[in-house]
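These are my notebook entries from a first reading of a structure. I set down what I looked up, in the order in which I took it up.

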Amino acid sequence: MASITLNNIVKEYDDGFPAVNDISIDIEDGEFVILVGPSGCGKSTLLRMIVGLEDVTSGELRIGGDVVNDKPPRDRNLAMVFQNYALYPHLTVFENIAFPMRLAKGKFTQEEVKDKVQRAAGMLELTEHLDRKPANLSGGQRQRVAMGRAIVREANAFLFDEPLSNLDAKLRGQMRTEISQLQRRLNTTSVYVTHDQTEAMTLGDRVAVLKRGVLQQIASPRELYEQPANLFVAGFIGAPSMNFIPGTVQRSSTGAMCLSTPLGEIELPEHIAAAGQDKDVVLAGARPEFFEEASQVRESRRARGSVFSAELSHVEWLGNEQYAYISYENDPRVAEVLQNLAADMDTDELRTQLVVAVDAMSRVRGGDTAELWVDAGRIHLFDPATGENLTRDAEAGSELTRQAAEDRRRDRERAAANGG
Amino acid sequence: MSVTTKTRLGWAIAAVLVLGYSLFPVVAIFANSFKTPGDLGNQRFWPTSWTLANYEMIFVGQAQELFLTALRNSIGITLIATFIAVVLATLCAYAIARLDFPGKRLVLGAALAVSIFPVISVVTPLFNVWRQIGLYDTWLGLIIPYLSLTLPISIWTLSAFFRQIPWDLELAAQVDGATQWQAFRKAIVPLAAPGVFTTAIIAFFIAWNDFVYGISLTSTEAARPVPAALAFFTGASQFEQPTGAISAAAIVVTIPVVVLVLLFQRQIVSGLTQGAVKG
């Protein structure tokens, strides 16, 4: 086990395109770090540089304190799980798992190999499949074999390259849990690449969000969600995405600071308003769950937010939650920004509609005019020109990440107490 | 149910017809090879009395020298040509499948062009050149033209095959602690071997069955392969056709081909379709 340190890592291809641009990340021993971003953001390239399958153009890569820039993959002692599993089709499951040990000639006796494979197979529920060939296994089983191969190595770190993307949704959820538990139990430093934000949020101690080869923010999932550094992170993390409502901060007729938006005026707390005051136009980021039907909000909370009424275009009821959609006229000054953001995030054009989470029991329908309350204190204001989050509370954010680190330490101690 | 039986019956009849059509000459030669000289002209299909005289003649009798040296030439030349073709084609196909280099399409295109070039148009100039530089009537003088027959199809088949190999395995093996050579040997070779083997069999057939080069570029027993040597068999007397001996020799040289096909028919079919569909 070892820490992994990336210092100003750059990967430039022959045509001068920087796939990875000046990325610095410190991965602690035993930490589970996720690299997430839309396709083409350089996350896989970064992972392949760590494992040694891609050369590092410039910067310094350390594993356990040693610079490994020029070491071949076999000398880095890392284990990797590939997207397509990369199992050896001509070998049985047993031999697939034993493969790394067979390569290290003389290091393991026959019994040790057998013992280790049996233990890994037991951990992954593969015991009865050891004599089969990979072609006869299901997707989830192949995935487990690939993980078994990583486990027996006792490697410095595990690297995962979108390991779940070939599985169907149900199996993905199950494997996600298994990977998470396995990592906690073995307490091995892990780097995991994915484009799926659910995987990122559920697995990671810390999540690094990348866009076009540039690190946007690295923080605990909670910090990313609550205190995103910029528009991209705010939009990328969370499903459904954060709403971005264009508006101008001004003093309203009643004397309070408010944001005048196409949806009406939203009263803002002083400290948020102050951050966006000197801008012509700002984007107000509000997650769907910041909204509620006004009638559902208790009097005491009501004062902390702002109420407006809007006509719902349609409603989606999902059983445990319900989303209402509201169309509005977009501000032409931010149309381009939002379009670029959609392109960066790999999604279709962001429609100018507000997504609002209402109570699942609510009987509002499309076409109704609803009174909606928004928790104005949680709104973030973004500068459309730079994308920067104007209201980010860095201290509160790092507190969230510190808490996550503490949680992990507790997990580790508990695992150690249970005999690992 | 009746439909499937009908279609099955239809297919069976079609299969029998095709088999009969293509196997008839082989069976006829087989029958001839067991006939006595007297039987050969009596217009009956099967011999009236079966005899091994023809086989005796080519293995231990007067045609022995002609046939056995030709057989040795055939085996030697074909094996060497196959070996060289497969080695070169493997390297070439590996590069084509794995590396991105300028002229990749040109190599494949040139290989195709060579393979569709009619043999008969090349053989006369080759005859002259070979005589000038002393390759006429030598093993090498046949191996080189055989390569021109076997290399193109080998390159096409192998590059189609190599393209299907998941090369991530090589990387996975390296991460697992293998050197580049170990990764190739332990992860890639076991997967590539069936393809290489199939290609070798196909190349072997092509070289083994050649007649035009064999008859044109040789003049003595020094290099003459079996298909060409058959034409030089003589009867017991000047007035007797050596049909029986020729038939026996033809059957003997067909045997290795038939055995190979029976043993490896699955690989050959998949190899051929790979070349055809994916190439």
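**Entry 1: the six-stranded sheet.** I began with an open sheet in chain A, in which six strands follow the order 6-7-8-3-9-10 with mixed pairing. I then asked which strands lie at the edges of this sheet. They are strand 6 and strand 10 (214–219) of chain A, each of which pairs on one side only. I looked up the turn between neighbouring strands of this sheet, and it is 15° on average, direction ignored. The model I am reading is a predicted one.

I next examined one pairing within the sheet. Strand 3 (residues 32–36) of chain A and strand 8 (residues 189–194) of chain A run parallel and are joined by five bridges. For A:Ile34 I noted A:Tyr192 in strand 8 of chain A as the bridge partner.

**Entry 2: the three-stranded sheet.** I turned to another open sheet of chain A, which has three strands in the order 17-18-19 and antiparallel pairing. Its edge strands are strand 17 (314–317) and strand 19 (353–358) of chain A, and each pairs on one side only. In this sheet I found neighbouring strands turned by 20° against each other on average, direction ignored.

How many bridges pair strand 18 (residues 322–327) of chain A with strand 19 of chain A? I found six bridges, in the antiparallel sense. As for A:Ala324, its bridge partner in strand 19 of chain A is A:Val356.

**Entry 3: chain A overall.** I recorded the secondary structure of chain A as twelve helices and 21 strands. Its C-alpha atoms fill a box of roughly 85 × 45 × 40 Å along the principal axes. Chain A has 420 residues, of which 42% count as buried. I also looked at contacts in chain A between residues at least 6 apart in sequence: 71% of them join residues at least 24 apart.

**Entry 4: helix 2 and its surroundings.** I asked why helix 2 of chain A should be described as largely enclosed by the rest of the structure. Eight of its eleven residues are buried, and the description therefore follows. I listed the buried residues as A:Val93, A:Phe94, A:Asn96, A:Ile97, A:Ala98, A:Phe99, A:Pro100 and A:Met101. They pack against helix 3 and helix 4 (139–151) of chain A.

**Entry 5: helix 2 against helix 3.** I looked up how the axes of helix 2 (residues 93–103) and helix 3 (residues 110–123) of chain A are placed: they come within 10 Å and cross at roughly 125°. The two helices of chain A, helix 2 and helix 3, are therefore oblique to each other. The crossing of helix 2 of chain A past helix 3 of chain A is right-handed.

From helix 2 of chain A, the contact is made by A:Phe94, A:Ile97, A:Ala98 and A:Met101. From helix 3 of chain A, A:Val113, A:Lys116, A:Val117, A:Ala120 and A:Ala121 take part. I classed the residues of this contact as eight nonpolar, no polar and one charged.

**Entry 6: the side facing chain B.** Last, I looked at where the two chains touch: 17 residues of chain A are in contact with 15 residues of chain B. On the side of chain A, strand 6 (78–81) and helix 2 are the elements that give two or more residues. Helix 2 of chain A gives the most, with three residues. I noted that this side of chain A divides into 13 nonpolar, two polar and two charged residues.

Note on methods:
Residues are numbered from 1 along each chain as its sequence is written. Chains are lettered from A and ligands numbered from 1 in the order in which they are written. This is a predicted model: local features need pLDDT of at least 70, side-chain atom pairs count only at pLDDT 80 or more; totals for chains, interfaces and linings use all residues. Axes are lines fitted to C-alpha atoms, for helices over the stretch in contact, and angles run from 0 to 180 degrees between N-to-C directions. Helices (H or I, at least four residues) and strands (E, at least two) are DSSP runs, numbered from the N terminus. Angles under 35 degrees count as roughly parallel, over 145 as roughly antiparallel, 65 to 115 as roughly perpendicular and the rest as oblique. A crossing is left-handed if the near helix is turned anticlockwise from the far one by less than a right angle, and right-handed if clockwise. Two residues are in contact if their C-beta atoms, placed from the backbone, lie within 7 Å. Ala, Val, Leu, Ile, Met, Phe, Trp, Tyr, Cys and Pro count as nonpolar, Asp, Glu, Lys and Arg as charged, and the others, Gly among them, as polar. Two strands pair if DSSP finds at least two bridges between them. A residue is buried if 20 or more other C-beta atoms lie within 10 Å of its own, exposed if 12 or fewer, and partly exposed in between; C-beta atoms are placed from the backbone.
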